[in-house]
Amino acid sequence: MDREVINTKCCIVGGGPAGMMLGYLLARAGIEVVVLEKHKDFFRDFRGDTIHPSTMELMQELGILDDFLQVPHNEAAELMLSFEGTAVMGPDFSHLPVTCKYIAFMPQWDFLNFIAEKAKKYPGFSLRMGAEAIGLIEKDGRITGVIAKSDEGDIEVRAAVTFGTDGRHSVVRERAGLVAEEFGVPIDVLWFRLDKPEGGDTRLFLGRVSNGQMMITLDRGDYFQCGLIIPKGAFEAIKGEGLAAFQERIAGIVPALRGPAKALDKWDKVKLLTVQINRLRNWSRPGLLCIGDAAHAMSPAGGVGINLAVQDAVAAANLLYDPLRRGHCTAEDLQRVQARREWPVKMTQAIQIFMHRNMFRKGRDPSRAVAFPWIVRKFFALFAPVIRRAGARIVGIGFRAEHIESPEAKP
């Protein structure tokens with residue numbers, strides 16, 4: 001079959017938060033861009049639901065916040081942890097110096113569809129769904145494009161700059177030979193959905209902890225998307241105990257979910273999310289830059305991965321729109337993005353690693369994944385108000401908030 005050939009200024013591989021936001025901002029600045037997304041839609045249960053105050057502040061700067069807030073979502077000005085049946089107050093976003101002083105809970109496919117629709121109004125934006133990158137084009141040591149496959153045949157995208165935004169299992173990163181440093185994480189997450197119980201507690205809890213176990217419950221309207229924290233590698237042992245024991249484990253954490261848990265009658269309704277924290281030593285090669293999870297996989301702790309990905313995209317657009325317009329984007333230009341974003345990534349990952357090493361058990365006992373040593377409980381009790389504000393700042397804004405500097409090109 002003949003291969004379709006596309007010539008463009010930028011090729012973005014991956015239609016997650018980093019890729020869609022970067023594609024939108026570059027197209028808005030008058031840069032021709034092709035986004036390749038291997039799936040035919042954005043619907044993924046593994047995608048996070050949290051839209052952070054910093055992301056909504058960017059939408060305010062772009063003039064699209066009012067439209068965004070019309071998309072169905074839940075808002076939480078503060079998050080709660082249910083600890084052994086008692087509500088414990090977590091991060092308080094009401095003091096942040098932003099327009100939206102809350103976390104918005106919205107299925108990520110709705111967020112991505114929203115950004116895609118905003119991007120499509122710019123003539124330089126092209127989104128190719130169902131186009132999976134399978135290789136890179138290289139000439140004289142420089143990446144010059146991407147080979148992708150689709151139902152219609154192979155696609156060759158020739159681009160001045162290629163961006164890897166295809167997540168923690170990045171094909172772009174692998175094909176480019178970029179090496180990530182791994183940081184051990186003692187947990188995995190079992191991901192499943194449960195119907196809401198009638199008359200049950202539907203408050204937005206950051207997590208629910210009971211008898212050494214922790215479960216996240218994300219409110220998605222008529223059901224909860226649940227994430228059960230387990231010791232890394234313990235899933236096979238849990239399956240060996242049987243589905244009835246697994247249903248009872250859920251009920252032991254959230255008694256109101258005893259009835260809905262009976263719907264988990266097959267193990268294929270429970271998905272294993274392997275938790276990773278890693279970071280590329282070098283985010284770029286001549287002609288190529290990785291950002292978001294492709295450059296630094298984050299733990300689900302705090303839901304900050306989306307925040308970091310969006311901030312990466314804004315920084316990349318701010319630093320690269322002018323070199324791309326001029327038609328001469330050098331390796332040094334691409335390296336400036338890593339120099340800008342690496343510090344906040346390192347700081348955030350350091351906090352996540354600290355949390356995992358002090359709050360989660362390193363053993364393989366599948367019945368107990370969470371540990372709150374007395375010193376940790378004492379620390380939280382003594383410094384709760386400070387921790388609530390500091391936590392809100394880290395989760396809601398991050399260590400280096402980016403702002404829109406890339407311009408909107410005139411028609």
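How many of the seven residues of strand E15 (residues 213-219) are buried? Six are, so E15 is largely enclosed by the rest of the structure. Keep in mind that this is a predicted model, with residues numbered from 1 along each chain.

**The E15–E16 hairpin**

Strand E15 has a partner in strand E16 (residues 223-231): the two run antiparallel and are joined by six bridges. One pairing to look up on screen is aspartate 219, whose bridge partner in E16 is phenylalanine 224. Three residues sit between the two strands of this hairpin, and glycine 221 takes a positive phi near 85° there.

**Helix H2 against helix H9**

Now for a helix pair. Two packed helices are described by the angle between their axes and the distance between the axes. For helix H2 (residues 53-62) and helix H9 (residues 304-326), the axes come within 9 Å and cross at roughly 35°. On the H2 side, the residues in contact are Ser54, Thr55 and Leu58, and they meet Asn307, Val310, Gln311 and Val314 of H9. Sorted by class, that contact has three nonpolar and four polar residues, with no charged ones.

**A cavity lined partly by H9**

The cavity count comes to one at 30 Å³ or more, and the largest cavity has a volume of about 50 Å³. Its lining includes Asn307, Leu308 and Gln311, along with Arg341, Pro344 and Thr348, and also the run Ile397, Gly398, Phe399, Arg400 and Ala401. Helices H9 and H10 (331-359) are the elements that give two or more residues to this lining. Asn307 and Gln311 turn up twice in this story: they meet H2, and they line the cavity as well.

Here are the class counts for the two sites, one row each.

| Site | Nonpolar | Polar | Charged |
|---|---|---|---|
| Contact of H2 with H9 | three residues | four residues | no residues |
| Lining of the largest cavity | five residues | four residues | two residues |

**Threonine 99, back by H2**

Is threonine 99 buried or exposed? The answer falls in between: threonine 99 is partly exposed, because its relative accessible area is 43%, and buried would need under 20%, exposed over 50%. You'll find threonine 99 in the loop between strand E6 (86-92) and strand E7 (103-105).

Which residues does threonine 99 touch, leaving out those up to four places away in sequence? They are Glu57, Gln60 and Leu65. Serine 54 is 45 residues from threonine 99 along the chain, yet their C-alpha atoms are separated by 9.0 Å. Serine 54 is also one of the H2 residues that meet H9.

Key:
This is a predicted model: local features need pLDDT of at least 70, side-chain atom pairs count only at pLDDT 80 or more; totals for chains, interfaces and linings use all residues. Side-chain values use heavy atoms; hydrogens and water are left out. Axes are lines fitted to C-alpha atoms, for helices over the stretch in contact, and angles run from 0 to 180 degrees between N-to-C directions. Helices (H or I, at least four residues) and strands (E, at least two) are DSSP runs, numbered from the N terminus. Contact means heavy atoms within 4.5 Å. Ala, Val, Leu, Ile, Met, Phe, Trp, Tyr, Cys and Pro count as nonpolar, Asp, Glu, Lys and Arg as charged, and the others, Gly among them, as polar. Buried means under 20% relative accessible area, exposed over 50%, partly exposed in between (1.4 Å probe, protein chains only). Two strands pair if DSSP finds at least two bridges between them. On a 1 Å grid over the protein atoms alone, a cavity is a set of points where a 1.4 Å probe fits but cannot get out, and a pocket is an open set with protein on both sides within 12 Å along at least five of seven lines; lining residues have an atom within 4 Å of a point. Grid points are joined across faces, edges and corners, and a volume is the space filled by probe spheres set on the points.
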